[in-house]
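Reader: I'm new to this one and would like a close look at a single part. Could you walk me through the sheet and whatever sits around it?

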Amino acid sequence: MDRILHIRRTWPSKVPCVVSYGNSKIKLIMPREHTIGHLMLHTRSQLIKRNLCARSKDKGFFMFHNDKLMSGTTVIGDLDTKKSGVIGFTCQEESVFGGS
């Protein structure tokens, strides 16, 4: 918990986030004004970079917070109600139309 408080004091305009994807966790420090869409973009790039998922046009990412599906336009700072811990997300991958 000391690390989280240190992060919050060092970067007061940012929010620590933890995204769970399968058995992996990705830790990100996101600006408060960014949206869930930004978070999904960063999450996907980190997953591809770490070889945890394949780059695929027929798979979509869906972000959940407190077991609720998040809209891509939701501002991350609006979800930061505790202001002392991290914001936890679960990312799931699902087949969507559009692959070739």
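Author: Here is a walk through the sheet, then the helix lying on it, then a pocket and some salt bridges.

A quick note on the ground rules: this is a predicted model, so local features need pLDDT of at least 70 and side-chain atom pairs count only at pLDDT 80 or more, while totals for chains, interfaces and linings use all residues. Residues are numbered from 1 along each chain as its sequence is written, and side-chain values use heavy atoms, with hydrogens and water left out.

Let's start with the sheet. It is open, has five strands in the order β2-β1-β5-β3-β4, and its pairing is mixed. Strands here are DSSP runs of E with at least two residues, helices are runs of H or I with at least four, and both are numbered from the N terminus. Two strands count as paired if DSSP finds at least two bridges between them. In general, strands of a sheet pair through backbone hydrogen bonds, either parallel or antiparallel.

At the edges you'll find β2 and β4 (68-69), each pairing on one side only. Strand β1 (residues 14-21) pairs with β2 in the antiparallel sense, over eight bridges. Look for Tyr-21 here: its bridge partner in β2 is Ser-24.

Now follow β3. Six bridges hold the antiparallel pairing of β3 and β5, and Met-63 has Cys-91 in β5 as its bridge partner. β3 is also joined to β4 by two bridges, again antiparallel, with His-65 matched to Lys-68 in β4. β3 and β4 make a hairpin with two residues between them, and Asn-66 in that turn has a positive phi of about 55°.

What lies across the sheet? Helix α2 lies across β1, β2, β3 (59-65) and β5, running at about 135° to β2. That angle is taken between N-to-C directions on a scale from 0 to 180 degrees, using axes fitted to C-alpha atoms, for helices over the stretch in contact. Thr-43 is a good residue to zoom in on, as it lies in α2. Thr-43 counts as buried because its relative accessibility is 1% (buried means under 20% relative accessible area, exposed over 50%, partly exposed in between, with a 1.4 Å probe and protein chains only). Leaving aside residues up to four places away in sequence, Thr-43 touches Val-19, Ile-26, Leu-28, Met-63 and Cys-91; contact means heavy atoms within 4.5 Å. So you meet the Met-63 and Cys-91 bridge partners again. Leu-28 turns up again in the lining of the largest pocket, alongside residues including Ile-4, Ile-7, Val-18 and Val-86. α1, β1 and β2 are the elements that give two or more residues to this lining.

Last come the salt bridges, where a side-chain nitrogen of Lys or Arg is within 4 Å of a carboxyl oxygen of Asp or Glu. There are two. Asp-80 meets Arg-8 at 2.8 Å, N to O, linking helix α1 (residues 2-10) to the loop between α3 (76-79) and β5 (87-95), 72 residues apart. Asp-80 also bridges to Arg-32, with the closest N and O atoms 3.0 Å apart. Shared partners join Arg-8, Arg-32 and Asp-80 into one network.

Terms used. 1 Å grid on protein atoms, 1.4 Å probe; cavity = no way out; pocket = protein on both sides within 12 Å on 5 of 7 lines; lining within 4 Å.
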